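Me: I am new to reading structures. Can we walk through a few features together?

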Amino acid sequence: MRTTLRTRKAALAITALTTTAALGLAGCGGEGADKKPDTGRTSGSSLSLPSLKGEKIEVAAVWTGPEQENFTKVLDEFEKRTGATVTFVPAQDPIVNFLGTKIAGGSPPDVAMLPQVGAIKQAAAQKWIKPLGAEAKAQLAKNYGKGWQDLGAVDGTQYGLYFKAANKSLIWYNNAAFENAGAKEPTTWKDFLSTAETISASGVTPVSVGGADGWTLTDWFENVYLSQAGPEKYDQLARHEIKWTDPSVAQALTTLGELFGKPQLIAGGAAGALQTEFPVSVTQTFTGGDQPKAAMVFEGDFVAVNIGQTEAKVGTDAKVFPFPAVGSGPAPVVTGGDAAVALKDTKGAQALLTFLASPDAARIWAEQGGFLSPNKALDPAAYPNDVLRTIAKALIASGDDFRFDMSDQMPQSFGGTPGKGEWKALQDFLKNPKDVAGTQARLEADAAKAYKS
(Lines give C-alpha, C1' and ligand atoms only; values in the text may rest on other atoms or scores of the structure.)
Protein backbone atom coordinates (compact mmCIF):
# COMPACT_ATOMS: atom_id res chain seq x y z
CA MET A 1 0.00 0.00 0.00
CA ARG A 2 1.70 3.09 -1.28
CA THR A 3 -0.64 5.92 -2.18
CA THR A 4 -0.50 9.68 -2.08
CA LEU A 5 -1.35 10.79 1.44
CA ARG A 6 -3.25 13.95 0.66
CA THR A 7 -6.27 13.56 -1.55
CA ARG A 8 -9.52 15.40 -1.26
CA LYS A 9 -11.05 12.55 0.75
CA ALA A 10 -8.30 12.66 3.35
CA ALA A 11 -8.54 16.42 3.59
CA LEU A 12 -12.28 16.19 4.13
CA ALA A 13 -11.78 13.58 6.82
CA ILE A 14 -9.35 15.80 8.69
CA THR A 15 -11.65 18.79 8.28
CA ALA A 16 -14.55 16.78 9.70
CA LEU A 17 -12.52 15.78 12.74
CA THR A 18 -11.30 19.33 13.32
CA THR A 19 -14.76 20.80 12.94
CA THR A 20 -16.25 18.30 15.36
CA ALA A 21 -13.59 19.05 17.92
CA ALA A 22 -14.27 22.77 17.55
CA LEU A 23 -17.95 22.15 18.17
CA GLY A 24 -17.10 20.22 21.32
CA LEU A 25 -18.35 16.92 19.91
CA ALA A 26 -14.96 15.34 19.56
CA GLY A 27 -14.41 14.53 23.11
CA CYS A 28 -15.51 11.59 22.99
CA GLY A 29 -19.82 -16.65 26.67
CA GLY A 30 -18.11 -19.70 26.69
CA GLU A 31 -21.24 -21.50 27.88
CA GLY A 32 -22.33 -21.71 24.26
CA ALA A 33 -19.87 -24.55 23.78
CA ASP A 34 -22.16 -26.80 25.82
CA LYS A 35 -25.14 -26.06 23.63
CA LYS A 36 -25.97 -27.12 20.10
CA PRO A 37 -24.43 -24.43 17.89
CA ASP A 38 -26.75 -22.46 15.69
CA THR A 39 -26.26 -21.93 11.97
CA GLY A 40 -23.48 -19.48 12.71
CA ARG A 41 -25.78 -16.56 11.94
CA THR A 42 -27.59 -14.06 14.09
CA SER A 43 -30.57 -11.95 13.19
CA GLY A 44 -29.65 -9.39 10.55
CA SER A 45 -26.35 -11.06 9.71
CA SER A 46 -25.48 -12.75 6.41
CA LEU A 47 -22.36 -14.36 7.85
CA SER A 48 -22.45 -18.16 8.03
CA LEU A 49 -19.97 -20.06 10.18
CA PRO A 50 -19.40 -23.83 10.44
CA SER A 51 -20.25 -26.03 13.38
CA LEU A 52 -17.10 -26.51 15.45
CA LYS A 53 -18.56 -28.50 18.33
CA GLY A 54 -15.74 -29.97 20.42
CA GLU A 55 -12.96 -28.03 18.66
CA LYS A 56 -10.50 -26.05 20.79
CA ILE A 57 -8.90 -22.87 19.48
CA GLU A 58 -6.15 -20.79 21.07
CA VAL A 59 -5.73 -17.10 20.25
CA ALA A 60 -2.59 -15.22 21.31
CA ALA A 61 -2.35 -11.43 21.71
CA VAL A 62 -0.43 -8.93 23.82
CA TRP A 63 -3.66 -7.27 24.97
CA THR A 64 -4.26 -6.94 28.70
CA GLY A 65 -6.83 -5.25 30.93
CA PRO A 66 -9.84 -3.70 29.16
CA GLU A 67 -8.52 -4.64 25.71
CA GLN A 68 -8.29 -8.31 26.66
CA GLU A 69 -11.72 -8.19 28.29
CA ASN A 70 -13.35 -6.63 25.23
CA PHE A 71 -11.64 -9.00 22.79
CA THR A 72 -12.80 -11.92 24.93
CA LYS A 73 -16.39 -10.77 24.34
CA VAL A 74 -15.75 -11.12 20.61
CA LEU A 75 -14.41 -14.63 21.15
CA ASP A 76 -17.41 -15.48 23.33
CA GLU A 77 -19.74 -14.63 20.45
CA PHE A 78 -17.72 -16.86 18.11
CA GLU A 79 -18.06 -19.69 20.63
CA LYS A 80 -21.82 -19.15 20.79
CA ARG A 81 -22.19 -19.29 17.01
CA THR A 82 -19.92 -22.29 16.36
CA GLY A 83 -19.78 -24.41 19.50
CA ALA A 84 -15.97 -24.12 19.63
CA THR A 85 -14.05 -23.48 22.83
CA VAL A 86 -11.72 -20.52 22.43
CA THR A 87 -8.92 -19.74 24.88
CA PHE A 88 -7.14 -16.39 25.04
CA VAL A 89 -3.37 -16.83 25.42
CA PRO A 90 -1.59 -13.78 26.92
CA ALA A 91 1.55 -13.07 24.89
CA GLN A 92 4.67 -11.12 25.76
CA ASP A 93 5.89 -8.23 23.65
CA PRO A 94 7.49 -8.60 21.12
CA ILE A 95 4.96 -11.23 20.15
CA VAL A 96 7.10 -12.62 17.31
CA ASN A 97 9.66 -13.78 19.88
CA PHE A 98 6.86 -15.27 21.98
CA LEU A 99 5.47 -17.14 18.97
CA GLY A 100 8.93 -18.37 18.01
CA THR A 101 9.29 -19.96 21.42
CA LYS A 102 5.85 -21.57 21.15
CA ILE A 103 6.59 -22.92 17.69
CA ALA A 104 9.97 -24.28 18.76
CA GLY A 105 8.21 -26.05 21.61
CA GLY A 106 5.65 -27.56 19.26
CA SER A 107 2.65 -25.73 20.75
CA PRO A 108 1.81 -22.66 18.66
CA PRO A 109 -1.60 -21.02 19.11
CA ASP A 110 -4.11 -21.39 16.29
CA VAL A 111 -4.44 -17.64 15.71
CA ALA A 112 -2.32 -14.66 16.76
CA MET A 113 -2.85 -10.91 16.65
CA LEU A 114 0.26 -9.22 15.23
CA PRO A 115 0.67 -5.49 15.90
CA GLN A 116 3.33 -4.78 13.27
CA VAL A 117 3.46 -5.06 9.48
CA GLY A 118 7.07 -6.09 9.92
CA ALA A 119 5.96 -8.92 12.21
CA ILE A 120 3.68 -10.31 9.49
CA LYS A 121 6.54 -10.23 7.00
CA GLN A 122 8.89 -11.88 9.47
CA ALA A 123 6.38 -14.60 10.36
CA ALA A 124 5.68 -15.26 6.67
CA ALA A 125 9.41 -15.49 5.89
CA GLN A 126 9.76 -18.06 8.69
CA LYS A 127 6.75 -19.96 7.25
CA TRP A 128 5.01 -19.72 10.62
CA ILE A 129 1.69 -18.41 9.30
CA LYS A 130 -0.85 -19.78 6.84
CA PRO A 131 -2.62 -17.95 3.99
CA LEU A 132 -6.21 -16.86 4.51
CA GLY A 133 -8.81 -19.37 3.34
CA ALA A 134 -11.41 -18.62 0.69
CA GLU A 135 -14.16 -17.59 3.12
CA ALA A 136 -11.92 -15.24 5.10
CA LYS A 137 -10.57 -13.71 1.88
CA ALA A 138 -14.11 -13.16 0.65
CA GLN A 139 -15.06 -11.30 3.84
CA LEU A 140 -11.86 -9.26 3.63
CA ALA A 141 -12.47 -8.26 0.00
CA LYS A 142 -16.07 -7.36 0.78
CA ASN A 143 -15.46 -5.29 3.90
CA TYR A 144 -11.97 -3.75 3.61
CA GLY A 145 -10.33 -1.21 1.35
CA LYS A 146 -7.36 -2.23 -0.76
CA GLY A 147 -4.91 -0.36 1.44
CA TRP A 148 -5.82 -2.43 4.48
CA GLN A 149 -5.83 -5.64 2.45
CA ASP A 150 -2.34 -4.89 1.13
CA LEU A 151 -0.99 -4.36 4.63
CA GLY A 152 -1.83 -7.98 5.48
CA ALA A 153 -0.28 -9.43 2.31
CA VAL A 154 3.29 -10.57 1.69
CA ASP A 155 4.52 -11.03 -1.89
CA GLY A 156 0.95 -11.22 -3.16
CA THR A 157 -0.26 -13.79 -0.62
CA GLN A 158 -2.92 -12.70 1.89
CA TYR A 159 -1.92 -13.75 5.40
CA GLY A 160 -3.44 -11.20 7.74
CA LEU A 161 -6.57 -9.15 8.28
CA TYR A 162 -6.58 -5.99 10.36
CA PHE A 163 -9.24 -6.42 13.01
CA LYS A 164 -8.32 -3.44 15.17
CA ALA A 165 -7.09 -0.12 13.84
CA ALA A 166 -5.87 3.06 15.44
CA ASN A 167 -5.83 6.75 14.55
CA LYS A 168 -2.47 7.74 16.03
CA SER A 169 -2.64 11.44 15.22
CA LEU A 170 -4.60 12.82 18.17
CA ILE A 171 -3.98 15.05 21.18
CA TRP A 172 -6.36 14.49 24.10
CA TYR A 173 -6.81 17.28 26.67
CA ASN A 174 -8.27 18.04 30.06
CA ASN A 175 -11.03 20.51 29.27
CA ALA A 176 -11.09 22.10 32.74
CA ALA A 177 -7.35 22.80 32.60
CA PHE A 178 -7.75 24.37 29.15
CA GLU A 179 -10.66 26.54 30.26
CA ASN A 180 -8.84 27.74 33.38
CA ALA A 181 -5.82 28.70 31.30
CA GLY A 182 -7.93 30.30 28.57
CA ALA A 183 -6.26 27.95 26.09
CA LYS A 184 -7.62 27.10 22.64
CA GLU A 185 -7.13 24.01 20.51
CA PRO A 186 -4.02 24.57 18.35
CA THR A 187 -3.81 23.60 14.69
CA THR A 188 -0.09 24.12 14.06
CA TRP A 189 3.05 23.00 15.90
CA LYS A 190 3.92 26.62 16.65
CA ASP A 191 0.48 27.15 18.18
CA PHE A 192 0.81 23.88 20.09
CA LEU A 193 4.01 25.08 21.78
CA SER A 194 2.39 28.44 22.49
CA THR A 195 -0.63 26.71 24.01
CA ALA A 196 1.70 24.62 26.16
CA GLU A 197 3.38 27.77 27.48
CA THR A 198 -0.03 29.33 28.23
CA ILE A 199 -1.09 26.28 30.23
CA SER A 200 2.24 26.18 32.04
CA ALA A 201 1.78 29.80 33.08
CA SER A 202 -1.59 28.86 34.61
CA GLY A 203 0.17 26.48 37.01
CA VAL A 204 -0.48 23.16 35.24
CA THR A 205 2.21 21.18 33.44
CA PRO A 206 1.01 21.05 29.83
CA VAL A 207 2.13 17.69 28.37
CA SER A 208 2.15 14.12 29.66
CA VAL A 209 4.61 11.77 27.90
CA GLY A 210 4.64 8.01 28.46
CA GLY A 211 8.34 7.71 27.78
CA ALA A 212 8.79 4.43 29.66
CA ASP A 213 7.10 2.82 26.64
CA GLY A 214 9.36 3.56 23.69
CA TRP A 215 6.59 3.06 21.15
CA THR A 216 4.91 6.30 22.23
CA LEU A 217 8.07 8.19 21.29
CA THR A 218 8.16 6.61 17.83
CA ASP A 219 4.60 7.91 17.35
CA TRP A 220 5.67 11.42 18.33
CA PHE A 221 8.50 11.26 15.78
CA GLU A 222 6.35 9.80 12.99
CA ASN A 223 3.66 12.46 13.22
CA VAL A 224 6.21 15.27 13.16
CA TYR A 225 8.19 13.62 10.36
CA LEU A 226 5.17 12.85 8.14
CA SER A 227 3.81 16.38 8.40
CA GLN A 228 7.20 18.05 8.02
CA ALA A 229 9.06 15.83 5.53
CA GLY A 230 6.04 14.61 3.58
CA PRO A 231 4.69 11.21 2.58
CA GLU A 232 7.34 10.38 -0.03
CA LYS A 233 10.22 10.69 2.41
CA TYR A 234 8.11 8.94 5.06
CA ASP A 235 7.83 5.93 2.77
CA GLN A 236 11.51 6.05 1.92
CA LEU A 237 12.57 6.13 5.56
CA ALA A 238 10.13 3.34 6.43
CA ARG A 239 11.80 1.14 3.79
CA HIS A 240 15.29 2.38 4.74
CA GLU A 241 15.77 3.78 1.25
CA ILE A 242 17.16 6.90 2.89
CA LYS A 243 19.34 6.82 5.96
CA TRP A 244 18.47 8.03 9.43
CA THR A 245 21.32 10.49 9.02
CA ASP A 246 19.25 12.28 6.36
CA PRO A 247 18.73 16.01 7.01
CA SER A 248 14.95 15.45 7.15
CA VAL A 249 15.42 13.28 10.25
CA ALA A 250 17.59 15.94 11.85
CA GLN A 251 14.88 18.51 11.19
CA ALA A 252 12.18 16.35 12.77
CA LEU A 253 14.29 15.57 15.84
CA THR A 254 15.11 19.26 16.23
CA THR A 255 11.40 20.05 16.08
CA LEU A 256 10.62 17.43 18.72
CA GLY A 257 13.41 18.92 20.80
CA GLU A 258 11.42 22.15 20.97
CA LEU A 259 9.10 20.26 23.32
CA PHE A 260 11.35 17.60 24.82
CA GLY A 261 14.06 20.18 25.51
CA LYS A 262 11.82 22.15 27.87
CA PRO A 263 11.39 20.01 30.99
CA GLN A 264 8.92 22.49 32.49
CA LEU A 265 6.50 21.57 29.69
CA ILE A 266 6.56 17.82 30.44
CA ALA A 267 5.07 16.17 33.51
CA GLY A 268 7.98 15.10 35.70
CA GLY A 269 10.48 16.46 33.18
CA ALA A 270 12.43 14.03 31.00
CA ALA A 271 13.36 11.84 33.97
CA GLY A 272 9.74 11.57 35.08
CA ALA A 273 8.49 10.91 31.57
CA LEU A 274 10.98 8.06 31.14
CA GLN A 275 9.48 6.41 34.23
CA THR A 276 5.87 6.95 33.11
CA GLU A 277 4.16 4.11 31.29
CA PHE A 278 1.54 4.89 28.69
CA PRO A 279 -1.59 4.10 30.79
CA VAL A 280 -0.36 6.39 33.58
CA SER A 281 0.42 9.14 31.08
CA VAL A 282 -3.28 9.15 30.27
CA THR A 283 -4.83 8.72 33.71
CA GLN A 284 -2.67 11.43 35.28
CA THR A 285 -4.01 13.84 32.63
CA PHE A 286 -7.61 13.18 33.62
CA THR A 287 -7.45 12.97 37.41
CA GLY A 288 -7.16 15.87 39.82
CA GLY A 289 -9.95 17.98 38.35
CA ASP A 290 -8.64 21.25 36.94
CA GLN A 291 -5.24 20.63 38.57
CA PRO A 292 -4.07 17.41 36.88
CA LYS A 293 -0.43 16.42 36.57
CA ALA A 294 -0.69 17.36 32.89
CA ALA A 295 -3.24 19.04 30.63
CA MET A 296 -2.58 17.14 27.38
CA VAL A 297 -1.52 13.68 26.31
CA PHE A 298 -0.70 12.50 22.80
CA GLU A 299 -1.80 9.13 21.44
CA GLY A 300 -4.42 7.31 19.44
CA ASP A 301 -8.13 6.75 19.79
CA PHE A 302 -7.41 3.92 22.25
CA VAL A 303 -6.69 6.57 24.89
CA ALA A 304 -10.44 6.49 25.50
CA VAL A 305 -10.03 3.09 27.19
CA ASN A 306 -7.66 4.56 29.78
CA ILE A 307 -9.78 7.67 30.26
CA GLY A 308 -12.58 5.24 31.10
CA GLN A 309 -10.55 4.15 34.13
CA THR A 310 -10.89 7.67 35.57
CA GLU A 311 -13.95 9.70 36.50
CA ALA A 312 -13.50 11.94 33.44
CA LYS A 313 -16.13 11.75 30.72
CA VAL A 314 -15.16 11.68 27.07
CA GLY A 315 -16.80 14.60 25.28
CA THR A 316 -17.04 16.89 28.31
CA ASP A 317 -14.07 16.47 30.67
CA ALA A 318 -11.84 14.85 28.03
CA LYS A 319 -11.70 16.27 24.52
CA VAL A 320 -9.44 15.77 21.53
CA PHE A 321 -7.96 17.59 18.56
CA PRO A 322 -5.87 16.40 15.59
CA PHE A 323 -2.09 16.34 15.90
CA PRO A 324 -1.01 19.82 14.76
CA ALA A 325 0.47 20.49 11.35
CA VAL A 326 4.24 20.94 11.43
CA GLY A 327 6.01 23.48 9.23
CA SER A 328 4.31 24.05 5.90
CA GLY A 329 2.96 20.51 5.70
CA PRO A 330 -0.61 19.44 6.44
CA ALA A 331 -1.72 17.73 9.63
CA PRO A 332 -0.48 14.13 9.69
CA VAL A 333 -2.64 11.01 9.47
CA VAL A 334 -0.80 8.04 10.96
CA THR A 335 -2.57 4.75 11.60
CA GLY A 336 -1.74 1.52 13.38
CA GLY A 337 -3.46 -1.78 13.84
CA ASP A 338 -3.51 -5.41 14.91
CA ALA A 339 -3.79 -8.14 12.29
CA ALA A 340 -5.16 -11.63 12.85
CA VAL A 341 -3.09 -14.46 11.31
CA ALA A 342 -3.43 -18.25 11.39
CA LEU A 343 -0.54 -20.37 12.64
CA LYS A 344 -2.50 -23.58 12.02
CA ASP A 345 -4.41 -24.27 8.82
CA THR A 346 -7.42 -25.73 10.59
CA LYS A 347 -11.15 -25.34 10.06
CA GLY A 348 -11.44 -23.54 13.38
CA ALA A 349 -8.63 -21.08 12.75
CA GLN A 350 -9.97 -20.15 9.32
CA ALA A 351 -13.52 -19.81 10.66
CA LEU A 352 -12.32 -17.43 13.36
CA LEU A 353 -10.48 -15.32 10.77
CA THR A 354 -13.65 -15.21 8.69
CA PHE A 355 -15.59 -14.00 11.72
CA LEU A 356 -12.99 -11.36 12.58
CA ALA A 357 -13.19 -10.01 9.02
CA SER A 358 -16.93 -9.45 9.39
CA PRO A 359 -18.74 -6.39 10.75
CA ASP A 360 -20.45 -8.73 13.26
CA ALA A 361 -17.19 -9.19 15.17
CA ALA A 362 -16.16 -5.55 14.88
CA ARG A 363 -19.50 -4.37 16.24
CA ILE A 364 -19.07 -6.26 19.51
CA TRP A 365 -15.88 -4.43 20.49
CA ALA A 366 -16.93 -1.12 18.92
CA GLU A 367 -19.91 -0.97 21.28
CA GLN A 368 -17.53 -1.24 24.26
CA GLY A 369 -15.42 1.76 23.20
CA GLY A 370 -11.64 2.12 22.93
CA PHE A 371 -11.68 0.51 19.50
CA LEU A 372 -11.61 1.48 15.84
CA SER A 373 -12.30 -0.84 12.96
CA PRO A 374 -11.01 -0.49 9.38
CA ASN A 375 -14.06 -2.56 8.37
CA LYS A 376 -16.06 -0.25 6.12
CA ALA A 377 -19.21 -2.37 6.55
CA LEU A 378 -19.43 -1.55 10.26
CA ASP A 379 -22.23 0.90 11.05
CA PRO A 380 -20.69 3.95 12.81
CA ALA A 381 -23.70 3.95 15.13
CA ALA A 382 -22.03 1.01 16.91
CA TYR A 383 -19.52 3.38 18.51
CA PRO A 384 -20.64 4.63 21.94
CA ASN A 385 -19.81 8.33 21.64
CA ASP A 386 -19.27 11.14 19.17
CA VAL A 387 -15.49 11.22 19.41
CA LEU A 388 -15.07 7.58 18.40
CA ARG A 389 -17.82 7.86 15.81
CA THR A 390 -16.14 10.87 14.22
CA ILE A 391 -12.64 9.39 14.27
CA ALA A 392 -13.96 6.12 12.82
CA LYS A 393 -15.74 7.93 10.01
CA ALA A 394 -12.56 9.86 9.24
CA LEU A 395 -10.56 6.63 9.11
CA ILE A 396 -12.97 5.02 6.64
CA ALA A 397 -13.37 8.22 4.60
CA SER A 398 -9.62 8.39 4.01
CA GLY A 399 -9.89 5.21 1.94
CA ASP A 400 -6.40 4.08 1.00
CA ASP A 401 -4.96 7.53 1.61
CA PHE A 402 -3.22 7.08 4.94
CA ARG A 403 0.20 6.13 6.23
CA PHE A 404 0.69 3.18 8.54
CA ASP A 405 2.83 3.51 11.65
CA MET A 406 6.43 3.62 10.42
CA SER A 407 8.01 1.64 13.23
CA ASP A 408 5.43 -1.11 12.68
CA GLN A 409 6.58 -1.46 9.07
CA MET A 410 10.21 -2.00 10.07
CA PRO A 411 12.03 -5.13 11.22
CA GLN A 412 10.83 -5.75 14.76
CA SER A 413 14.37 -5.80 16.12
CA PHE A 414 14.63 -2.13 15.16
CA GLY A 415 11.10 -0.70 15.29
CA GLY A 416 9.31 -2.86 17.84
CA THR A 417 11.53 -4.14 20.63
CA PRO A 418 11.66 -2.62 24.14
CA GLY A 419 15.11 -1.37 25.11
CA LYS A 420 16.52 -1.69 21.60
CA GLY A 421 16.64 0.07 18.25
CA GLU A 422 14.38 3.02 17.66
CA TRP A 423 12.58 2.69 21.01
CA LYS A 424 15.84 2.96 22.96
CA ALA A 425 17.34 5.66 20.74
CA LEU A 426 14.32 7.91 21.17
CA GLN A 427 14.24 7.32 24.92
CA ASP A 428 17.88 8.45 25.00
CA PHE A 429 16.89 11.44 22.86
CA LEU A 430 14.14 12.39 25.32
CA LYS A 431 16.81 12.38 28.01
CA ASN A 432 19.19 14.49 25.90
CA PRO A 433 17.30 16.24 23.05
CA LYS A 434 20.32 18.35 22.12
CA ASP A 435 22.12 15.27 20.80
CA VAL A 436 20.46 15.23 17.38
CA ALA A 437 23.49 14.01 15.43
CA GLY A 438 24.33 11.30 17.96
CA THR A 439 20.73 10.09 17.95
CA GLN A 440 20.74 9.92 14.17
CA ALA A 441 23.98 7.95 14.13
CA ARG A 442 22.65 5.39 16.62
CA LEU A 443 19.38 5.07 14.73
CA GLU A 444 21.18 4.48 11.45
CA ALA A 445 23.59 1.93 12.91
CA ASP A 446 20.73 -0.07 14.43
CA ALA A 447 18.56 0.22 11.32
CA ALA A 448 21.35 -0.90 8.99
CA LYS A 449 21.94 -3.97 11.14
CA ALA A 450 18.23 -4.83 11.34
CA TYR A 451 17.55 -4.50 7.63
CA LYS A 452 20.49 -6.75 6.75
CA SER A 453 19.36 -9.56 9.07
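Me: What should helix H11 span, and how far apart are its end C-alpha atoms?

Reply: Keep in mind that this is a predicted model. Start from the rise of 1.5 Å a residue. H11 covers residues 247-260, so its 14 residues should span 20 Å. The end C-alpha atoms are 19 Å apart, which agrees.

Me: Is H11 enclosed by the rest of the structure or exposed?

Reply: Count the buried residues. Buried means under 20% relative accessible area. In H11, 10 of the 14 residues pass that test, so the helix is largely enclosed by the rest of the structure. Among them are Val 249, Leu 253, Leu 256 and Phe 260.

Me: Which elements do the buried residues of H11 pack against?

Reply: Several helices and one strand. The helices are H8 (189-201), H9 (214-229), H10 (231-238), H20 (421-431) and H21 (436-452). The strand is S8 (207-208).

Me: Which peptide bond is cis, with omega near 5°?

Reply: Look at the bond from Asp 93 to Pro 94. Pro 94 lies in the loop between strand S2 (85-90) and helix H3 (95-104).

Me: Where is Lys 127, and what is its phi?

Reply: Check the sign of phi. For Lys 127 phi is near 60°, a positive value in a residue other than glycine. Lys 127 sits in the loop between helix H4 (117-125) and helix H5 (134-143).

Me: Why does Lys 127 count as exposed?

Reply: The cut-off for exposed is over 50%. Lys 127 has 68% relative accessibility, so Lys 127 counts as exposed.

Me: What about Asp 155: buried or exposed?

Reply: Exposed, at 79% relative accessibility. Its phi is positive too, near 50°. Find Asp 155 in the loop between strand S4 (153-154) and strand S5 (157-158).

Notes. Residues numbered from 1 in each chain as written. Predicted model: local features only at pLDDT ≥ 70, side-chain atom pairs only at ≥ 80, totals over all residues. Heavy atoms only, no water. Helix = DSSP H or I, 4+ residues; strand = E, 2+ residues; numbered from the N terminus. Expected span 1.5 Å × (residues − 1). Buried < 20%, exposed > 50% of the residue type's maximum accessible area, 1.4 Å probe, protein only. Contact = heavy atoms within 4.5 Å.
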